Amino acid sequence: MSEVKVPKRKEKCENCTKQCNKKQSEDGADSHLKKEEVNGQFPEESPLLLSSCLSCDGCLSEEESLKISQQNLEELERVLALNKKCDVSKRRVLVASVCPQSLPFFAVKFGVDITEAAHKLCGFLKSLGVHFVLDSTLAAGFSILESQKEFVQRFRRRNQDSTALPMFTSSCPGWIRYSERVLGSLVTPHICTARSPQQIMGCLVKDFFSKQQKLSPEKVFHVLVAPCFDKKLEAVREEFYNSLLESRDVDCVLTSGEIYHLMEQRKVSVEELDSVPLDHVLGEAGDAALLRHEGRGSEGFLEHIFKHAAKELFGLEVQEITYKSLRNRDFQEVTLERDGETLLQFAAVYGFRNIQTLVHRMRKGRIPYQLVEVLSCPGGCLSGRGQAESDGGGRVDKALVQQMEDAYSSLPVRLPELNPVLQTLYRDWLQGHDSTHTHTLLHTHYSSQTHTQPPHMQW
């Protein structure tokens, strides 16, 4: 677990602090928590992370710990070294997919704009021996479109299905794991079934791209560069392993910080890196412009679904969305009104404190929202601890996050509906928007796993 940089004992959520009866003697965390907690609340500056709760040894099995520990730079370098030694027929083709929220980190670190940062990063990865470098924004587009469609379906059946609403987003693996392991049936039926951008990218690479390159999936080693350590947890989920092909959709998740650390280890300067355009899933020529989806530090699920639902359900065109902050900047809501009537009410809930508030309200039946975008990292995906922690560790570098937000917002926004590559892939890869293939490859399911929790862990 050392490579994942998740301490065995760290600040816990209120639930663990009050109810977990395990001894916490390894680093005196128990006494530390008692000092930090005041009247059942934690001070704002305490680095309370959802992953701190999920990555203690009460939630990770030995098998999971082993699988996650293998997702590190050493594993990447092992595959690269084998490629140099073994026969050509036994070599693996390395494909790296880069999350859009990772590129601002490299832009700030390199002191260049995002497009140049992407090219420099691509140059570095290819200098290591990576064969293809892809932008995973395309996969996020699929996830958004499928989430939009599912929300409309859930809204229309809300009067017949008590679990249809609210719908919770499903792109954050920390939130998903917490829902399954602790919250259980209270939340899991409400989680959107659309796969996260990471896992859709995995399907795209192993199913479509490998065929384009005339490769079998097991010949492809798929690396994903992400801002968050929790993405490693997601990659090892059982449903994302194809037993027939003996291949995972994503073989190895490396954080932005880990890649940057590798550059430092190798004493690679930005100036000496070649600028190499990213590759494209369809193999199209030319350097396509980098684009983003809406949202200040996330994939923008809330904004895209809100605008789509307003038009699809009520015939209203929404150009700009106005957020209303409630408890703090990480608990905001947006409302659609017509003639004094509230038609839609969505919320963006980031960070574990706000998630706890949301869950407590849900237990009391006081959730007015039809959709909630939930992210475990305060500030959204740009603040993922795989890239936003200060050099000392444990604290978020707020100045770095602000620079990343500025860089990210500089990219132009494009609606996924208007992306011609997505429409081509729906036709040629998935055999249509509503096909069985689309449902199988772009969706998954979430279920209660509360039996894996100690019996005293109850909300």
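The following paragraphs describe a parallel sheet with the helices packed on it, and then two nonpolar cores, in a predicted model. Residues are numbered from 1 along each chain as its sequence is written. Local features were required to have pLDDT of at least 70 and side-chain atom pairs pLDDT 80 or more, whereas totals for chains, interfaces and linings use all residues, and side-chain values rest on heavy atoms, without hydrogens or water.

Four strands, in the order E2-E1-E4-E7, form an open sheet with parallel pairing (strands, E, of at least two residues, and helices, H or I, of at least four, are DSSP runs numbered from the N terminus; pairing requires at least two DSSP bridges). Strands E2 (132-135) and E7 (252-255) are the edges, each pairing on one side only, and the twist from one strand to the next averages 25 degrees. Six bridges join E1 (residues 93-98) to E4 (residues 220-226), with Leu-94 partnered by Phe-221 of E4. Helix H5 (residues 73-85) lies across E1, E4 and E7 at about 145 degrees to E1, while H7 (residues 114-128) touches E1 and E2 and makes about 150 degrees with E2 (angles, from 0 to 180 degrees, are taken between N-to-C directions of lines fitted to C-alpha atoms, for helices over the stretch in contact; contact means heavy atoms within 4.5 Å).

The largest nonpolar core (buried Ala, Val, Leu, Ile, Met, Phe, Trp, Tyr and Cys residues joined through side-chain atoms within 4.5 Å; buried meaning under 20% relative accessible area with a 1.4 Å probe, protein chains only) has 50 residues. Its largest share, eight residues, comes from H13. Another core, of 43 residues, lies apart from it and includes Val-133 and Tyr-260.
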